[in-house]
Amino acid sequence: MAEAAFHPPRRKRRVFEAYESPFPVDVGGKDFRICQAEIINNNVIVRNPEDIEQLYNKGYFGKGILSRSRPVYSISDPSLVAKWQGANINMPIITSKKYQYHVQWAKSILQEQGLDDCSVTEILENITKPLELPVLKEDGAEQTSNSCNRIGPNTENTELSRPSSADTGNVVALSPENQNGGQKKARLEGDPAFNPVAVCDSKEQKQGNSKEIAEASCQRHASSFCKSKESAKQRSREVIMSKEYAPEYVLVQEEEEGSSCLEDGSAQAQENLVKKEKLVCRRNPFRIFEYLQLSLEEAFFLVYALGCLSIYYDEEPLTILKLWEFFSEVKPDFKTTYMAYHYFRSKGWVPKVGLKYGTDLLLYRKGPPFYHASYSVIAELVDDNFEGSLRRPLSWMSLAGLNRTTANASKELMLCYLIKPSDMTEKEMSTPECMKRIKVQELIVTRWVSSRERSEKDEF
């Protein structure tokens, strides 16, 4: 058998982050924390933002369900954030058109619950009415003015002025309790203790219980993974639930037409109409959450190999043996793929799911932000004689097509054979301790080019 020629990994041209750590553990034990995840619809989901940051930044575990890879999804429009950077408000900024989409989604959810049109309209009006929230200065202190009005983009000093009593649209204001100046930290979205909606209109407090339930379910429908029951034994989980149930506040960019005071005539006045843009603070009726989804192999590695993750199912933590059994039922070839994942992770590679290339794993050096994937891996579990029921038997045609697909993506195809002893029983395979007796052999598949072979012989 010819010896494989190893090629160095291909670096990515633009790298905008620093390499922190290969695993979410700390040698000294100071920063070590046990993250929490849940099994929902046979998927492992991490919801706590701190746990998401810990797992992804240190080892690149998982994938954001709303992002390409890194969980950084936000409804905020980047162009509007750059446009209104002078306001320095720590809230998402979206267009009025996008906000109407959220209103339509919330309306459809309420209609599915059997509410009549009058109740749906009244609920949405109470949810989407303008609110009063504090504005932050650049130094972090609160701004005493009440609205954000802007004429034209890219202004260094954003104009902040107090709206009149008749103008309810220009609302980004300090609440009465914050005008005393005693507190310097603005309490914005995610703080259930601060509810500016109660200050805006007292009529909202007179709503029936059915409407309150409908409003609450409307706001947190996107977090369908949440459970309705709260456990007193899990305080950290209660904090996550309270954050998700809390309303989300957004700034909606709206336009209003204003004309300059001209005495020449109406025709000239109409030509000088100026569209003023303003930010209006409203509640988001349809909140969207970004979660970190772990593959079964990644989740079990964090639990079994690193011990930094605790997985819950129906609010009960699962042991390692239960996870091994449960994942094997969900994914029949889980044992094979996990052994390969565990092997390559221990060698320093970052394995990711290779489904888009028709394989089991993709191997990255350091992580996807720094290098392109070097190998595309197919894992097979065989005995000492390299015999057994193969998961995906390859013909010459399918192997050639898979190799061509891998080569076109500048990767190499690797066959990873997990060799188990012939005397190993199914009872031994029912626990992860069976990996101690497993041997691994890698085989890199390359395409033989006859013309290149002849030219090399002619040189000699």
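## Sheets and helix packing in a predicted model

Helix α10, which spans residues 320-330, lies across strands β1, β2 and β11 (309-313), and its direction makes an angle of about 35° with β1. The structure described here is a predicted model, and the protein in it has 14 helices and 17 strands. Of its 460 residues, 43% are buried. Among the contacts between residues at least 6 apart in sequence, 70% join residues that are at least 24 apart.

### The sheet beneath α10

The strands that α10 crosses, β1, β2 and β11, belong to an open sheet of 6 strands with mixed pairing, whose order is β3-β10-β2-β1-β11-β12. Because β3 (63-64) and β12 (316-317) stand at the edges and each has a single partner strand, one side of each is left without a neighbour in the sheet. Strands of a sheet pair through backbone hydrogen bonds, and they can do so in a parallel or an antiparallel sense.

Within this sheet, β1 (residues 35-40) pairs with β2 (residues 43-46) in the antiparallel sense, over 3 bridges. One position in this pairing can be named directly: E38 stands opposite I45 in β2. The loop between β1 and β2 holds N41, a residue that has a positive phi of about 55° although it is not a glycine. Is N41 buried or exposed? With a relative accessible area of 67%, N41 is exposed.

### The sheet crossed by α12

An open sheet of 5 strands, again with mixed pairing, follows the order β13-β14-β15-β16-β17. Its edge strands are β13 (349-353) and β17 (439-445), each of which pairs on one side only. On average, and with direction ignored, neighbouring strands of this sheet are turned by 30° against each other.

Inside this sheet, β15 and β16 run parallel and are joined by 8 bridges. Two of the residue pairs can be located in the structure: V377 has M414 in β16 as its bridge partner, while V382 has I419 in β16. Strand β16 itself covers residues 412-419, and 7 of its 8 residues are buried, so this strand is largely enclosed by the rest of the structure. Helix α12 (residues 396-408) lies across β15, β16 and β17, and runs at about 125° to β16.

The loop between β14 (361-365) and β15 (375-382) contains K366. Like N41, which is not a glycine and has a positive phi, K366 is not a glycine and has a positive phi, here of about 70°. K366 is partly exposed, with a relative accessible area of 27%.

### Two helix pairs

Two packed helices are described by the angle between their axes and the distance between the axes. The table sets out these values for two pairs in this model.

| Helix pair | Angle between axes | Distance between axes |
|---|---|---|
| α9 (residues 296-306) and α11 (residues 334-346) | roughly 60° | within 10 Å |
| α3 (residues 96-112) and α4 (residues 117-128) | about 140° | 10 Å |

For the first pair, the axes of α9 and α11 cross at roughly 60°, which means that α9 is oblique to α11. The crossing of these helices is right-handed. Which residues of α9 meet residues of α11? On the α9 side they are L296, E297, E298, F300, F301, Y304 and A305, and they meet F334, T337, Y338, Y341, H342 and R345 in α11. The residues of this contact divide into 8 nonpolar, 2 polar and 3 charged.

For the second pair, α3 and α4 pack at an angle of about 140°, and this makes α3 oblique to α4. Helix α3 passes α4 in a right-handed crossing. In the contact between them, Y99, V103, A106, K107, L110 and Q111 in α3 meet D117, V120, I123, L124 and T128 in α4. Sorted by character, the residues of the contact of α3 with α4 comprise 7 nonpolar, 2 polar and 2 charged.

Terms used. Residues numbered from 1 in each chain as written. Predicted model: local features only at pLDDT ≥ 70, side-chain atom pairs only at ≥ 80, totals over all residues. Heavy atoms only, no water. Pairing = 2+ DSSP bridges. Helix = DSSP H or I, 4+ residues; strand = E, 2+ residues; numbered from the N terminus. Contact = heavy atoms within 4.5 Å. Axes fitted to C-alpha atoms, helices over the stretch in contact; angles between N-to-C directions. Parallel < 35°, antiparallel > 145°, perpendicular 65-115°, else oblique. Left-handed = near helix turned anticlockwise from the far one by under 90°. Nonpolar A, V, L, I, M, F, W, Y, C, P; charged D, E, K, R; others polar. Buried < 20%, exposed > 50% of the residue type's maximum accessible area, 1.4 Å probe, protein only.
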